Amino acid sequence: MVGVAVSCPRCGGPVRPPDLMHTEWRCDDDGPVPPLHMAEHVSADIVASVLATVGKAQEDTGRPQVPAWCPWPLPPGWTMTGVAWAGDDRTGVRATAVACSGPSPLRDGPADLVFVAEEPGIGLGNYLGGLPGLDPGALIADALGDEGLPAGDHGGPHAKIKVGGHPSPLWSVKSPEDRSAYAGEARGMWLYAIAWPASAGYLLAEHVVLHDLSEWLPPELVYGAPSPYLQGRA
């Protein structure tokens, strides 16, 4: 595959590959990390190649498959704009991210959504969401409030989407003002939905169905210009 940028999944900074002294990829700030690989362009062939890379890494290492969640069908006017994965062929893939872009639901201009699936302790979803720490567990607990109910809301999660055919609750967690971030769990892994601008999170109040692209890549999927959000550059 041509055109892959490699960086730290926790800060977006540079990483160094394994060498004679170290068996793991390393970030100067975050230490050993599973490297984040981001395809610099997106097309049907590139996405298929990424999914094959992820699947082979999991098969070779015996790790569970990490879903690549994408809304399907896409909302009207939306396109898929990026794909990334964290891990390598030695330790397996630990996280995936899929970016989509389209018209903002509440105001003129574009909107972007990134969906992250990751194992505990990776930190990619927290990094892209502008959240502290490596996992959203404490943030979800804060969103639930002291009595186990959403703060300021006495009736269930902030977003209910269907993931892999099953209803999955997502909780709105505190994030920078330029975006909104939702977190939950699906298939035993953390699931994040991060939206720019913040008002684009309204899309999650609609009927959103997430499909795992590793199970089937829809031939009708439309691709757009690469997203600037997968490495936190925007």
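Buried means under 20% relative accessible area, exposed means over 50%, and partly exposed is anything in between (1.4 Å probe, protein chains only). Keep that scale handy for the tour.

This is a predicted model, in which local features need pLDDT of at least 70 and side-chain atom pairs count only at pLDDT 80 or more, while totals for chains, interfaces and linings use all residues. Residues are numbered from 1 along each chain as its sequence is written, and side-chain values use heavy atoms, with hydrogens and water left out.

**Stop 1: R63, E119 and R94**

Start by selecting R63, which counts as partly exposed at 27% relative accessibility. Now add E119, which is buried, with a relative accessible area of 7%. These two form a salt bridge (a side-chain nitrogen of Lys or Arg within 4 Å of a carboxyl oxygen of Asp or Glu), and their closest N and O atoms are 2.8 Å apart. E119 sits in the loop between strand 9 and helix 2 (124-129), and R63 in the loop between helix 1 (44-61) and strand 6, so the pair ties together parts that are 56 residues apart in sequence. As for those labels, helices (H or I, at least four residues) and strands (E, at least two) are DSSP runs, numbered from the N terminus.

Keep E119 selected and bring in R94. Their side chains meet in another salt bridge, at 2.6 Å from N to O. This pair also links distant parts of the chain: E119 is in its loop between strand 9 and helix 2, R94 is in strand 8 (residues 92-103), and they are 25 residues apart. With R63, R94 and E119 on screen together, you are looking at a network of salt bridges.

**Stop 2: E118**

Step back to E118, in strand 9 (residues 110-118). Which side chain of opposite charge is nearest to E118? That would be R10, 8.0 Å away, and E118 is buried yet has no salt bridge. In this count Lys and Arg are positive and Asp and Glu negative; His and the chain ends are not counted.

So what should you show around the side chain of E118? Try two backbone nitrogens: that of L124 lies 3.1 Å from a polar atom of the E118 side chain, and that of G125 lies 2.9 Å from one. Leaving aside neighbours within four places in sequence, E118 is also in contact (heavy atoms within 4.5 Å) with residues including R94, D135, M189, W190 and Y192.

**Stop 3: R187 and E215**

Next, click on R187, in the loop between strand 12 (180-186) and strand 13. Check its backbone: R187 has a positive phi of about 55° although it is not a glycine. R187 is partly exposed, with a relative accessible area of 44%.

Is its partner E215 buried or exposed? E215 is exposed, at 52% relative accessible area. The two form a salt bridge, with the closest N and O atoms 2.9 Å apart. E215 lies in the segment after strand 14, so the pair ties together parts that are 28 residues apart in sequence. Across the model, the count comes to eight salt bridges.

**Stop 4: two cis peptide bonds**

Finish with a pair of prolines. Select W72 and P73, which are joined by a cis peptide bond with omega about 0°. P73 is in the loop between strand 6 (69-71) and strand 7 (79-88).

Then jump to W196 and P197, where the peptide bond is cis with omega near -15°. You will find P197 in the loop between strand 13 (189-196) and strand 14 (209-212).

How values were computed
Polar contact = N/O pair within 3.5 Å; in protein donor to acceptor, adjacent residues only side chain to side chain.
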